[in-house]
Structure formats: structure tokens, C-alpha cells
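Me: Could you take me closely through one buried position and the packing around it, and then follow the chain outward from there? I would like a connected account that I can check against the model as I read.

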Amino acid sequence: MNFAKTGAFRLGCALTLLTSLACVATAPAQAQSSYPSHSIELVVPFQAGGGTDALARAFAESSRKHLPQSVVVTNKPGASGAIGWADVANAKPDGYKLSLITADLAIVPHLGLTKLTYENFTPIARFNADPSAITVRSDSPYTTIEQFLDAARKNPGGMRVGNAGNGSIWHLAAAALEDKTSTKFNHIPFQGGNPAVLALLGGHIDAVAVSPAEVSAYVTAGKLKTLAVMADARVKGFESVPTLKERHIDLSIGTWRGIAAPANTPPDVIKALRTAAAATAKEPALRETLDKQNLGYAYADQDEFKAAIAKDDAYFKSLIAKFGMRQ
């Protein structure tokens with residue numbers, strides 16, 4: 001018997017077996033690293049045509065340069081966003097179904113509209129943030145936020161402030177201003193920010209607490225005037241309008257929009273999405289869409305975004321409880 005040949009044969013078999021095992025061991029990692037291997041669905045939990053939808057479609061288009069597969073936008077409106085968010089939260093956490101999330105995600109659970117919370121998601125990136133602003137008609141007797149608040153104090157509950165619906169971010173913003181300034185408003189709900197602005201133009205209410213974007217065209221036309229913005233710094237296009245903080249009112253509140261995946265999505269998938277989102281955020285086409293929609297650009301990566309959501313969630317929870325807004 002040729003022991004040399006037999007030993008060589010056995011060694012060869014052993015090496016072949018080890019190689020095969022190595023291939024099997026690395027197969028899942030190789031498969032995972034191929035993400036994405038097919039198109040990604042981005043769910044917008046609101047109707048087509050609004051600012052949230054416009055941002056989602058701009059992201060989908062601009063991300064083509066930074067993802068090997070396309071992003072397909074699907075609108076699934078209803079229940080203040082809860083229907084679309086539930087669809088994503090309950091999906092397989094593999095990165096192929098994402099959601100456009102907004103500040104409403106930190107509000108609706110505390111209103112009793114859904115059991116979902118921001119913890120059902122893994123934030124990827126924020127692209128937009130807009131503060132609330134107090135705006136009145138151009139012929140209003142109030143030219144400063146101090147005058148407006150003084151008038152409200154003298155007539156508790158008499159100042160009619162329009163919002164985008166009970167429990168909306170703009171309702172919360174006006175309530176937060178009450179809380180900070182010891183005033184009492186008469187909150188008038190509408191089916192969205194635009195109807196509230198139209199009611200203000202018609203003289204049916206005294207003010208609105210919506211975003212600067214929703215009043216900018218009328219401010220430019222000289223029909224409305226904004227007294228203050230609820231932001232940390234002055235807002236683009238409204239550089240002459242002071243922040244509340246400049247007027248010694250420590251309040252910064254508003255809406256935001258970003259993208260998230262279901263909780264427990266694999267870290268390498270999230271990393272790929274974060275990288276693509278960061279690059280997409282720099283695309284001129286995305287910035288142009290935000291400008292056309294009068295939406296403020298406010299990019300934040302995962303960690304910063306998650307911290308901001310958690311902070312808002314805690315604040316909105318306390319505010320909703322204090323003002324008895326739960327439905």
C-alpha cells in the first residue's frame with residue numbers, strides 16, 4: 001500500500017471539505033451584502049399630492065444614483081398615518097418595505113389612535129423640519145407677538161387660533177404656546193393647514209399656528225403677516241420674523257419628515273440605507289423639491305434623528321395629557 005498517496009488523498013479530501021464548509025459559512029453574509037437585490041417599497045401614510053408625498057417621490061428619484069435598485073412609492077392613507085405605519089411596522093424587517101414618517105408618529109399614539117410608537121421603527125434619516133408660526137391678517141391690529149399675547153391674556157378664550165385638526169402638530173403648537181405664556185386660546189380645527197389659512201384670509205379666525213410654508217405665498221402677497229416662528233433660529237424666507245426665543249419664550253416646536261425601516265431590520269441593511277440616504281440628501285434635485293414645496297431642509301442621520309423623535313414623543317405625550325386631547 002502506498003501510504004504517501006493515501007495520505008495525500010486524505011489531505012486533499014480534508015481541504016476540499018474545509019473549503020466547502022467555508023463557502024457555506026460565508027453564503028449568508030454574501031447574500032446579505034447583496035442588499036438590495038430588488039426594488040424597495042416606500043410607504044407614504046398620507047394622500048398623494050402633499051408635501052410628504054412630494055418628499056418621498058423626490059427621494060425615490062434622487063436615490064437612483066445611490067442604490068442599485070429602484071425605490072417605489074406607495075400611498076396608504078388613513079387614521080392620521082396609522083394605517084400606512086402599521087403596514088410597514090408589521091412587514092418583514094428586511095429593508096424592502098420602508099416608511100415615510102412624520103411628527104404625527106410621535107403624536108397619534110398618545111391620542112389613542114394607534115398602539116404603534118416610534119419604537120416600532122428604526123429611523124434612517126430626517127430630511128425636513130418646519131416650525132410652527134403665528135400668522136395674522138395684514139390688517140390685524142397686532143404687529144408683534146407681544147401684542148398678540150397681551151390681547152389673548154385680556155380676553156381668555158377669545159382669540160380664535162386655527163389649526164390643522166384636533167391633535168394635529170399645529171394644535172399642539174398653539175397649546176404649547178398657551179402653556180408657556182399663561183394664555184388661553186379658542187382653538188378652531190380645520191381639515192388641514194390650508195383650510196385654516198383660507199379661513200384666516202376670510203376673517204373667520206384671528207390667527208393660525210401653521211408652518212411658514214403654508215402662509216408664505218400670502219405673506220409675500222401682503223395679505224398676511226407672521227409675528228413669530230417657533231424655531232431655534234430664523235427661517236429661510238422669513239428672515240425678518242423673530243423666533244419666540246428671541247422674545248424670551250423658550251419654545252421650539254414643529255413638524256418633520258424622514259425615512260424609517262421596521263424595528264429589528266439587520267444592521268448591515270440599515271447601514272446601506274443610511275449611506276444611500278446621506279448621499280441622496282446632497283442631490284440638488286431633492287433640495288429643489290423641498291424649496292418648491294417651501295419645506296425646510298434639515299438633514300439628520302440615524303442617531304440625531306432618533307434622539308429628536310424620542311424628545312418630541314415625551315413632550316407631546318405630556319402636552320396631550322395636560323390639555324386632555326386623548327380621543
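A close look at Leu286 and its surroundings

Reply: In this predicted model, Leu286 is found in helix 10. With a relative accessibility of 1%, Leu286 counts as buried, because the cut-off for that class is under 20%. Once residues up to four places away in sequence are set aside, Leu286 touches Leu55, Ala58, Phe59, Ser62, Phe127, Thr280 and Ala281. A further link across the sequence is that of Leu286 with Ser63: these two are 223 residues apart in sequence, yet their C-alpha atoms are 9.3 Å apart in space.

Several of these partners belong to a helix-helix contact. Helix 2 (residues 51-62) packs with helix 10 (residues 284-292) at an angle of about 165°, and their axes are 9 Å apart. That angle makes the two helices roughly antiparallel, since values over 145 degrees are classed in that way. Helix 2 passes helix 10 in a right-handed crossing. From helix 2, the residues taking part are Ala54, Leu55, Ala58, Phe59 and Ser62, while helix 10 contributes Ala285, Leu286, Thr289 and Leu290. By class, the residues of this contact are seven nonpolar and two polar, with no charged residue among them.

It helps to set this part against the whole chain. The protein has 11 helices and 11 strands, and 47% of its 327 residues count as buried. Among its contacts with a separation of 6 or more, 76% are between residues 24 or more positions apart.

Moving outward, Thr122 gives a view of another part of the chain. Thr122 lies in strand 4 (residues 121-131) and is buried, with a relative accessible area of 15%. Apart from neighbours within four places in sequence, Thr122 is in contact with Ala260, Ala261, Pro262, Ala263, Asn264, Ile270 and Gln302. One of these partners, Asn264, sits in the loop between strand 10 and helix 9 (267-281), and Asn264 is exposed, with a relative accessible area of 69%. Although Asn264 is not a glycine, its phi is positive, at about 75°. His248 shares that kind of backbone angle, with a positive phi of about 65° although it is not a glycine either; His248 lies in the loop between strand 9 (224-229) and strand 10 (254-262), and at 77% relative accessibility it counts as exposed.

A second helix pair can be read alongside the one around Leu286. Helix 6 and helix 11 (residues 302-322) pack at an angle of about 75°, with their axes 10 Å apart, and they are therefore roughly perpendicular to each other. In this contact Ile169, Leu172, Ala176 and Asp179 in helix 6 meet Tyr315, Phe316, Leu319, Ile320 and Lys322 in helix 11. Sorted by class, the contact holds seven nonpolar, no polar and two charged residues.

Helix 6 itself is largely enclosed by the rest of the structure, because 11 of its 13 residues are buried. The buried residues are Ile169, Trp170, His171, Leu172, Ala173, Ala174, Ala175, Ala176, Leu177, Glu178 and Thr181. The length of helix 6 (residues 169-181) also fits expectation: at 1.5 Å a residue, its 13 residues should span 18 Å, and its end C-alpha atoms are 18 Å apart, which agrees. Ser182 follows helix 6, and its phi is positive, near 55°.

From the buried Trp170 of helix 6, a contact leads on to Glu214, which touches Trp170, Gly193, Asn194 and Val197 when neighbours within four places in sequence are left aside. Glu214 is found in the loop between strand 8 (207-208) and helix 8 (216-220), and it is partly exposed, with a relative accessible area of 27%. Glu214 and Gly193 are 21 residues apart along the chain, and their C-alpha atoms are separated by 6.9 Å.

One last backbone detail concerns the loop between helix 1 (3-33) and strand 1 (40-44), where Pro36 lies. The peptide bond from Tyr35 to Pro36 is cis, with omega near -5°.

Terms used: Residues numbered from 1 in each chain as written. Predicted model: local features only at pLDDT ≥ 70, side-chain atom pairs only at ≥ 80, totals over all residues. Heavy atoms only, no water. Helix = DSSP H or I, 4+ residues; strand = E, 2+ residues; numbered from the N terminus. Buried < 20%, exposed > 50% of the residue type's maximum accessible area, 1.4 Å probe, protein only. Contact = heavy atoms within 4.5 Å. Expected span 1.5 Å × (residues − 1). Axes fitted to C-alpha atoms, helices over the stretch in contact; angles between N-to-C directions. Parallel < 35°, antiparallel > 145°, perpendicular 65-115°, else oblique. Left-handed = near helix turned anticlockwise from the far one by under 90°. Nonpolar A, V, L, I, M, F, W, Y, C, P; charged D, E, K, R; others polar.
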